[in-house]
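Biologist: I would like to go through the terms used for this model and hear what backs each of them. Please show it first.

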Amino acid sequence: MLKGKSIALTILMIIACSLLTNDNSFIIPTILFIGIISGIMLHVNIKETLLNSFIAFIIGSIIAFIVSLITVYYTYGGLYAIAVVQYSLISIITYIIIGCIGSYIGYYVSEELGLLNQK
């Protein structure tokens, strides 16, 4: 049921995205794009695709949060790290929701591409 390689690849893409994008306005479309790619990779059925992407985005966002927290703590100090912790719950939930929406879109994009290849 769970596709291990695709979950690991999605987690790596989320971590790379969080490390490479420092601008918060750019990370939302990037997470959506990662979700679309994840939905295309996990094209089995819609329930498994959403479950796999949900698990991958939970793990990936928590790891990305921990990495950014450590970076902020050692760069700016404890007060900024507290601010990151306060902001993190909203951002983690947002990343999970947007990633699952992207995965849903990616599943149907993959389905349409499959139908176009059959004709």
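The exchange below takes the terms one at a time.

Modeller: Bear in mind that this is a predicted model. The chain has four helices and zero strands, and from the N terminus on its elements run α-α-α-α.

Biologist: Why is Cys17 called buried?

Modeller: Cys17 has a relative accessible area of 5%. Buried means under 20%, so Cys17 with its 5% qualifies.

Biologist: What makes Cys100 count as buried?

Modeller: The relative accessibility of Cys100 is 17%. That value is under the 20% limit, therefore Cys100 is buried. Across the chain, buried residues make up 34% of the 119 residues.

Biologist: How many disulfides does the chain have?

Modeller: The count is zero. A pair of cysteine sulfur atoms would have to lie within 2.5 Å to be counted.

Biologist: Which residues form the largest nonpolar core?

Modeller: That core has 12 residues, among them Cys17, Cys100, Phe57, Phe65 and Tyr95. It also includes Ile14, Ile27, Ile31, Ile34, Ile92, Ile96 and Ile98. Two or more residues each come from helix H1 (4-20), helix H2 (24-41), helix H3 (46-76) and helix H4 (78-118). H4 supplies the largest share, five residues.

Biologist: Why would such residues be found together?

Modeller: In soluble globular proteins, nonpolar side chains tend to be buried together.

Biologist: What does Ile98 touch, leaving out residues up to four places away in sequence?

Modeller: Ile98 touches Ile28, Ile31 and Leu32. Of these, Ile31 is listed in the core, as is Ile98 itself.

Biologist: What share of the contacts between residues at least 6 apart in sequence joins residues at least 24 apart?

Modeller: The share is 75%.

Biologist: Why is Val109 called partly exposed?

Modeller: Val109, found in helix H4, has a relative accessible area of 33%. Partly exposed covers values between 20% and 50%, so the 33% of Val109 falls in that class.

Biologist: Which residues join Val109 in the nonpolar patch on the surface?

Modeller: The patch also holds Ile40, Leu89, Ile93, Ile97, Ile101, Ile105 and Leu113. Patch residues need over 30% relative accessible area, and Val109 at 33% passes that cut-off. Together the patch residues have about 670 Å² of accessible area. H4 gives the most, with seven residues.

Biologist: How much area does the chain expose, and what part comes from carbon and sulfur atoms?

Modeller: The chain exposes about 7,400 Å², and carbon and sulfur atoms supply 73% of that area.

How values were computed
Residues numbered from 1 in each chain as written. Predicted model: local features only at pLDDT ≥ 70, side-chain atom pairs only at ≥ 80, totals over all residues. Heavy atoms only, no water. Core = buried A, V, L, I, M, F, W, Y, C linked by side-chain atoms within 4.5 Å. Buried < 20%, exposed > 50% of the residue type's maximum accessible area, 1.4 Å probe, protein only. Contact = heavy atoms within 4.5 Å. Areas by Shrake-Rupley, 256 points an atom, 1.4 Å probe, with all protein chains shown as cover. Patch = residues over 30% accessible without salt bridge, like charges linked within 9 Å, V, L, I, M, F, W, Y side chains within 5 Å. Salt bridge = Lys/Arg side-chain N within 4 Å of Asp/Glu carboxyl O.
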